[in-house]
Amino acid sequence: MTDTAITIVPANEASWEDLQAVLCTRGDASRCQCQRYKMQPGESWASVGAEELALRLRAQTECGHRQSSTTSGLVA
């Protein structure tokens, strides 16, 4: 029998690796890093770059820091 249960946790309780697995390694999600609606006027994925967007997401979610009092989002 296969375990089909889904666990949903606040993003800070998930590892960075788990969050990146959700976003995959190619396509829009990997480039955007869930920052589309948080970008400043005039910014684009290309002008900021996926690495910087990933840093922003990591700071917002506090992934891997269970003790954090803030986070942004859920990971399933």
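## Salt bridges, helix packing and cysteines

R56 counts as partly exposed, at 23% relative accessibility. The model examined here is predicted. In this model, the side chain of R56 meets that of E43 in a salt bridge, with an N to O distance of 2.9 Å. The pair joins distant parts of the chain: R56 belongs to helix α4, whereas E43 sits in the loop between α2 and α3 (45–48), 13 residues apart. E43 is also partly exposed, and its relative accessible area is 24%. The pairing extends to another residue. E43, E52 and R56 are linked in a network of salt bridges.

V48 touches this region. V48 is part of helix α3. With neighbours within four places in sequence left aside, V48 is in contact with M39, E43, L53 and R56. Two of these contacts, E43 and R56, also belong to the salt-bridge network. V48 and C24 lie 24 residues apart along the chain, and their C-alpha atoms are separated by 19 Å.

The salt-bridge count for the structure is 4. Side chains of opposite charge can pair when their charged atoms come close. One such pair is R66 and E13, with 3.4 Å from N to O. This bridge links distant parts of the chain. R66 lies in the loop between α4 and β2, and E13 in the loop between β1 and α1, 53 residues apart. R66 is exposed, at a relative accessible area of 57%. E13 is partly exposed, at 34%.

R31 and D28 form another salt bridge, with an N to O distance of 2.6 Å. Here both partners lie in helix α2. They are 3 residues apart, about one turn of the helix. An α-helix has 3.6 residues a turn, so residues three or four places apart point the same way. Both side chains are partly exposed: R31 has a relative accessible area of 39%, and D28 one of 45%.

Helix α1 spans residues 16–23, and its buried residues are W16, L19 and L23. They lie on the same side of α1 because they cover an arc of only 65° around the axis. E17 and A21 are exposed on the other side of the helix. The cover over the buried residues of α1 includes α2 (28–32), α4 (50–61) and β2 (74–75). Just after α1, C24 adopts a positive phi of about 70°.

Positive phi values also occur in loops. Q33, in the loop between α2 and α3, has a phi near 55°, positive in a residue other than glycine. Q33 is buried, with a relative accessible area of 3%. E62 has a phi near 60°, again positive in a residue other than glycine. E62 is placed in the loop between α4 and β2. Its surroundings leave E62 partly exposed, at a relative accessible area of 25%.

The cysteines were examined for bonding. The structure holds 0 disulfides. C32 is in none: the nearest cysteine sulfur, that of C34, is 6.1 Å away. A disulfide requires sulfur atoms within 2.5 Å, so a separation of 6.1 Å does not qualify. C32 counts as buried at 10% relative accessibility. For C63, the closest cysteine sulfur is again in C34, at 10 Å, too far for a bond. C63 likewise counts as buried, at 4% relative accessibility.

A nonpolar patch lies on the surface. I6, I8 and L74 form this patch, and together they have about 370 Å² of accessible area. I8 is located in the segment before β1 (9–10). I8 is exposed, with a relative accessible area of 57%.

Note on methods: Residues numbered from 1 in each chain as written. Predicted model: local features only at pLDDT ≥ 70, side-chain atom pairs only at ≥ 80, totals over all residues. Heavy atoms only, no water. Buried < 20%, exposed > 50% of the residue type's maximum accessible area, 1.4 Å probe, protein only. Helix = DSSP H or I, 4+ residues; strand = E, 2+ residues; numbered from the N terminus. Arc of directions from axis to C-beta. Contact = heavy atoms within 4.5 Å. Patch = residues over 30% accessible without salt bridge, like charges linked within 9 Å, V, L, I, M, F, W, Y side chains within 5 Å. Areas by Shrake-Rupley, 256 points an atom, 1.4 Å probe, with all protein chains shown as cover.
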